[in-house]
Amino acid sequence: MIKPVEVPAVTPEASFADALRHAIARRGLALNRIRTHLADRGLHVGVATLSTWQSGRRVPREDSLATVTALEELLQLPRGWLTVRIPPARTESAPQPYAVVDYAEALTRLLDRLRRDAHGRLRNVTVLEEVRIGADRSSLRRRVTQSVVAVQPVDRLIIAHQGEPGCDAEQLALRVLSGCRTGRIARSAEAGALLGELLLDRVLAVGETAVVHYEVEDRTGLATTEYQRFSEWGGMHYVLEVQFDRAALPVRVHELRRRHTSGPDLMRRELMLTPDARVHVIEPSADPGTVGIAWEWD
């Protein structure tokens, strides 16, 4: 299902300053009111800073991304509509795609085999994900409902999946359920990962949305002890549910947050299984990095 979202009348190539200025004018908000609204959310930025952002004299940097995300919500913009226009710092090269995962280089090589220019043109709005664990302690499949918004014109969503260490990537399968069709799939034997295209029925203009349903089946039969969903840009509403087989229940389960898949835990909280052997986490607005669930078998 595709639904248009009203956005300010600027081109996809418009600068951050032009886009912000048009968005503020459309909402008719004074900068001091914007500052107050941001302060109410615990984000403190001065009127002078907002003024330099909309004039183009300065642009936000990494430590201001939470403020830009809040501005998108306050100004009733699609998630990522302003963020994607922030130019990279002059002293730094452009960030590598998938930099929040430890197999980023493998995914980037796969991306070059598909469509490098499609990366980053969509932002996740809501992701609902169910991971099913079998009686052999392996991950059988993950089923996903994913809603996205275009921040640049785009006709496809590229999804990534990595199996357990040492897995045969040929045993990972992507299957579309509805809302799109399967495009090309590239696999990395070294990383045990795949990158797949989900083709939409037309090119989305900036601000338009789509909902897709798909699943990744894992036929490797390797035992697993965690699942992490990564987000490069943050801001998505995320729900993760893990369903265990009653014949193989973990002894302990934790929610975890990380900046990087192999980095230290930023947060680790014990979770309780439901009577039907399920456990879940809900994140209203995920930060860049990962949200996941880990468990112990013995």
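This is a short conversation about reading the cores, cysteines and helix packing of a predicted model.

Visitor: Where do I start with the interior?

Guide: A good place is the nonpolar side chains. In soluble globular proteins, these tend to be buried together. In this predicted model, the largest nonpolar core holds 40 residues.

Visitor: Which residues of the largest nonpolar core touch the most other members?

Guide: They are I159, L198, L240, V242, F244, I293 and W295. A second, separate core has 23 residues, including A23, L38, V68 and V206.

Visitor: What is I159 in contact with, leaving aside its neighbours within four places in sequence?

Guide: Its partners are R142, Q146, L174, L194, L195, G196, L198, Y214 and V216. One of them, L198, is also on the list of core members that touch the most others.

Visitor: Now the cysteines. How many disulfides are there?

Guide: The count is zero.

Visitor: Is C167 buried or exposed? And C180?

Guide: C167 has a relative accessible area of 6%, so it is buried. C180 is buried as well, with a relative accessible area of 16%.

Visitor: Let's move to the helices. How is a packed pair described?

Guide: Two numbers do the job: the angle between the two axes and the distance between them. Take α2 (residues 31-40) and α4 (residues 65-74), whose axes lie 11 Å apart at an angle of about 115°. The two helices are therefore roughly perpendicular to each other.

Visitor: Which residues make the contact between α2 and α4?

Guide: On α2 they are I34, H37 and L38, and on α4 they are T67, A70, L71 and L74. L38 also belongs to the second core. As for handedness, α2 passes α4 in a right-handed crossing.

Visitor: What about α1 and α3: how do their axes cross?

Guide: Their axes come within 6 Å and cross at roughly 115°, so α1 and α3 are also roughly perpendicular to each other. From α1, the contact uses F16, A17, L20, R21 and I24, while α3 supplies W53, Q54 and S55.

Visitor: Which residues of α3 are buried?

Guide: In α3 (residues 47-55), L50, T52, W53 and Q54 are buried. W53 and Q54 are among the residues that meet α1. Taken together, the buried residues of α3 pack against α1 (16-27), α2 and α4.

Visitor: What follows α3?

Guide: Next comes G56, with a positive phi near 90°.

How values were computed. Residues are numbered from 1 along each chain as its sequence is written. This is a predicted model: local features need pLDDT of at least 70, side-chain atom pairs count only at pLDDT 80 or more; totals for chains, interfaces and linings use all residues. Side-chain values use heavy atoms; hydrogens and water are left out. A nonpolar core is a set of buried Ala, Val, Leu, Ile, Met, Phe, Trp, Tyr and Cys residues joined through side-chain atoms within 4.5 Å. Buried means under 20% relative accessible area, exposed over 50%, partly exposed in between (1.4 Å probe, protein chains only). Contact means heavy atoms within 4.5 Å. A disulfide is a pair of cysteine sulfur atoms within 2.5 Å. Axes are lines fitted to C-alpha atoms, for helices over the stretch in contact, and angles run from 0 to 180 degrees between N-to-C directions. Helices (H or I, at least four residues) and strands (E, at least two) are DSSP runs, numbered from the N terminus. Angles under 35 degrees count as roughly parallel, over 145 as roughly antiparallel, 65 to 115 as roughly perpendicular and the rest as oblique. A crossing is left-handed if the near helix is turned anticlockwise from the far one by less than a right angle, and right-handed if clockwise.
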